[in-house]
Amino acid sequence: MKLKNKVAIITGGAGSIGKAIGQQLADEGAVIAVVDLNIDQAKSVADQFNQSGKNAIAVEVDVRDRQSVNTMVQTVMQQCGRIDILVNNAGGSARGDCALFHQSKDEVVDRVIQINLMGSIYCIRAAVEYMVKQQSGKIINIGSIVGMQGLANCADYAAAKGGIIAFTKSIAMELGEHGINVNCVSPGLVPRPDQDGDAMRKTNYLNAICSPDDVASMVRYLVTDDAKFITGQNFVVDGGRSLGLTKK
C-alpha cells in the first residue's frame with residue numbers, strides 16, 4: 001500500500017467525488033478525514049470506510065468560514081497526529097441560481113467564490129504549516145475545465161476555478177523547497193445522480209461518461225510517490241472535451 005498510515009483530509013468528502021477519492025486513498029492505506037458541511041453524511045461515509053476495515057474519521061467544516069477551517073484542521077491534528085495529504089474537493093456551481101453575470105445576485109456570486117476559491121485557500125493556509133514542519137506533503141486542488149475555457153451563466157464559477165488553477169501554480173513555487181507537491185485536477189462533466197449520464201457521452205471524444213472514480217484515480221496517482229517529481233500542474237480529466245467541439 002503506497003499511502004500506509006498517511007493522513008488525508010478530503011473536503012466535500014461526503015459527496016460522490018469526495019467519497020470516491022476517500023475510498024481510493026483508503027485502499028492505499030491512508031487514514032481518511034471525511035470533512036464536510038453535512039456532518040451526518042460525513043459520519044455515514046466514515047462509518048462505511050471503518051466497517052470495511054479502513055481507518056476514517058468525520059469532521060464538520062464550512063470551508064467558507066476561516067475559523068471553521070482552522071478548527072477542522074486542529075481537530076484532525078488532535079485525532080490523527082499529522083496531515084500528509086489535503087484534497088480541496090468542496091465546491092460546485094450555483095446550479096439552479098446560475099444566471100448571466102450582470103443579472104446574477106451578489107450573494108450567489110459571493111457564495112460560489114467563497115466555496116470554490118477561498119475555501120481552498122483557507123484550507124491550505126491552515127494545513128500547510130504542519131506540512132512545512134514535516135517537510136513533506138501533497139496538496140490537490142479540484143479545478144474544472146470551466147476554469148480553463150469559461151462558461152456562459154457560470155462566470156463566477158469560472159473565475160473561482162480559474163483562480164484555483166493559477167493559485168496551484170503559485171503556491172507550488174513557494175512550497176517546493178519544503179518537499180510539498182501541489183497540483184490541480186480539472187474534471188469535465190461528472191453526472192450527478194439526478195442527471196442523464198448518457199446524454200453526456202456526446203460531450204467528449206471517448207463517447208464515455210466521466211465517473212467519480214475517474215477523477216479519484218488521478219488524485220490517487222498524484223498523492224503517491226509515483227508522482228513525487230510533479231508539481232504545479234493542472235491535470236484535465238474530461239475525455240477530451242476541452243480539445244474543442246465534437247462533431248456530434
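**Group meeting: helix H7, the cores, Arg241 and the cysteines**

I'll start with helix H7. Its 12 residues, at 1.5 Å each, should span 16 Å, and the end C-alpha atoms are 17 Å apart, which agrees. Bear in mind that this is a predicted model.

Which residues of H7 are buried? They are Val215, Ala216, Val219, Leu222 and Val223. Looking down the helix axis, the buried residues fall within an arc of 125°, so they line one face of H7. The cover over these residues includes helix H1, strands S4 and S5, strand S6, which runs 180-187, and strand S7.

That leads to the cores. The largest nonpolar core has 32 residues. Ile21, Leu25, Ile32, Val87, Ile140, Val185 and Val219 have the most contacts inside it. Several elements each supply at least two residues of this core, among them H7 at 212-223, H1 at 16-27, S4 at 85-88 and S5 at 137-142. Strand S1 (7-11), strand S2 (31-36) and helix H2 (39-51) also each supply at least two.

Take Ile32 from that list. Residues up to four places away in sequence aside, what does Ile32 touch? The contacts are Ala8, Ile10, Gly22, Leu25, Ala26, Phe49, Asn55, Ala56 and Ile57. Apart from the largest core there is another one, of 31 residues, and Ile57 is one of its members, along with Val63, Met72 and Met131.

Next, Arg241. This residue sits in the segment after strand S7, which covers 234-237. Is Arg241 buried, partly exposed or exposed? With a relative accessible area of 27%, Arg241 is partly exposed. Neighbours within four places in sequence aside, Arg241 is in contact with Ile145, Leu189, Thr203 and Asn204. Gly81 is 160 residues from Arg241 along the chain, and the two C-alpha atoms are separated by 41 Å.

Last, the cysteines. How many disulfides are there? The count is 0. For Cys80, the closest cysteine sulfur is that of Cys123, and at 15 Å it is too far for a bond, because a disulfide needs the two sulfur atoms within 2.5 Å. Cys80 is partly exposed, with a relative accessible area of 21%. Cys184 is in no disulfide either, and its nearest cysteine sulfur, in Cys210, is 14 Å away. Cys184 has a relative accessible area of 0%, so this residue is buried.

To go back over the main points: the buried residues of H7 line one face of the helix, H7 supplies at least two residues of the largest nonpolar core, and the disulfide count is 0.

Key:
Residues are numbered from 1 along each chain as its sequence is written. This is a predicted model: local features need pLDDT of at least 70, side-chain atom pairs count only at pLDDT 80 or more; totals for chains, interfaces and linings use all residues. Side-chain values use heavy atoms; hydrogens and water are left out. A nonpolar core is a set of buried Ala, Val, Leu, Ile, Met, Phe, Trp, Tyr and Cys residues joined through side-chain atoms within 4.5 Å. Buried means under 20% relative accessible area, exposed over 50%, partly exposed in between (1.4 Å probe, protein chains only). Helices (H or I, at least four residues) and strands (E, at least two) are DSSP runs, numbered from the N terminus. Contact means heavy atoms within 4.5 Å. The expected span of a helix is 1.5 Å times one less than its number of residues. The arc is that of the directions from the helix axis to the C-beta atoms.
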